[in-house]
Amino acid sequence: MHYSSFSFSASYDSTLILWDITSYRTQILADVNEDGTVNVLDMQRVASRLGEASPDLNGDGVVNILDLTLIANQIGN
Ligand SMILES: [Ca+2]
Ligand SMILES: [Ca+2]
């Protein structure tokens with residue numbers, strides 16, 4: 001009983017830590033102009049480069065609506 005309960009807690013904590021790191025990295029990526037915050041200026045920067053190769057945030061090789069969506073999801077986080 002004791003072991004089973006311990007292993008559940010450990011697994012839960014790892015998942016939580018992994019999620020935090022992923023979220024942190026996404027925020028760094030979304031801060032396109034690197035001013036330390038994710039806001040409409042980053043969206044404008046990406047919007048002005050649609051169809052180009054950079055800044056490609058989600059790694060699909062082109063700047064598109066998906067990259068804008070990624071930033072939009074980070075605004076206010
Ligand atoms: Ca920014
Ligand atoms: Ca992209």
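Here's a quick briefing on how the helices, core and loops of this chain fit together. Keep in mind that this is a predicted model. The main packing story is helix α2 against helix α3, whose axes come within 9 Å. Eight residues make up the largest nonpolar core, and the loops bring a cis peptide bond at P55 plus a positive phi at E34.

**Helix α2 against helix α3**

- Two packed helices are described by the angle between their axes and the distance between the axes.
- Here, α2 covers residues 40–47 and α3 covers residues 65–74, and their axes cross at roughly 175 degrees.
- That crossing angle makes α2 roughly antiparallel to α3, because anything over 145 degrees counts that way.
- On the α2 side, the contact is made by D42, M43, V46 and A47, while α3 brings D67, L68, I71 and A72.
- By type, the residues of this contact split into six nonpolar and two charged, with no polar ones.

**The nonpolar core**

- In soluble globular proteins, nonpolar side chains tend to be buried together.
- In this model the largest nonpolar core consists of A30, V32, V38, M43, V46, L57, V63 and I71.
- M43, V46 and I71 belong to that core, and they also take part in the contact of α2 with α3.
- Which residues does V46 touch, leaving aside its neighbours within four places in sequence? V46 is in contact with V32, P55, V63, D67, L68 and I71.

**The loop between α2 and α3**

- P55 is found in this loop, and the peptide bond leading into P55 from S54 is cis, with omega near 5 degrees.
- N64 is found in the loop too.
- Is N64 buried, exposed or partly exposed? N64 has 16 other C-beta atoms within 10 Å, so N64 is partly exposed.
- N64 and R49 sit 15 residues apart in sequence, with 8.4 Å between their C-alpha atoms.

**The loop between α1 and α2**

- E34 is found in the loop between α1 (2–30) and α2.
- Its phi is near 55 degrees, a positive value in a residue other than glycine.
- E34 counts as exposed because it has 8 C-beta neighbours inside 10 Å, and the cut-off for exposed is 12 or fewer.

**I28 in helix α1**

- I28 lies in helix α1.
- I28 has 10 C-beta neighbours inside 10 Å, so I28 counts as exposed.
- Along the chain I28 and Q74 are 46 residues apart, yet their C-alpha atoms are separated by 9.7 Å.

Key. Residues numbered from 1 in each chain as written. Chains lettered and ligands numbered in written order. Predicted model: local features only at pLDDT ≥ 70, side-chain atom pairs only at ≥ 80, totals over all residues. Axes fitted to C-alpha atoms, helices over the stretch in contact; angles between N-to-C directions. Helix = DSSP H or I, 4+ residues; strand = E, 2+ residues; numbered from the N terminus. Parallel < 35°, antiparallel > 145°, perpendicular 65-115°, else oblique. Contact = placed C-beta atoms within 7 Å. Nonpolar A, V, L, I, M, F, W, Y, C, P; charged D, E, K, R; others polar. Buried ≥ 20, exposed ≤ 12 C-beta atoms within 10 Å, placed from the backbone. Core = buried A, V, L, I, M, F, W, Y, C linked by C-beta atoms within 7 Å.
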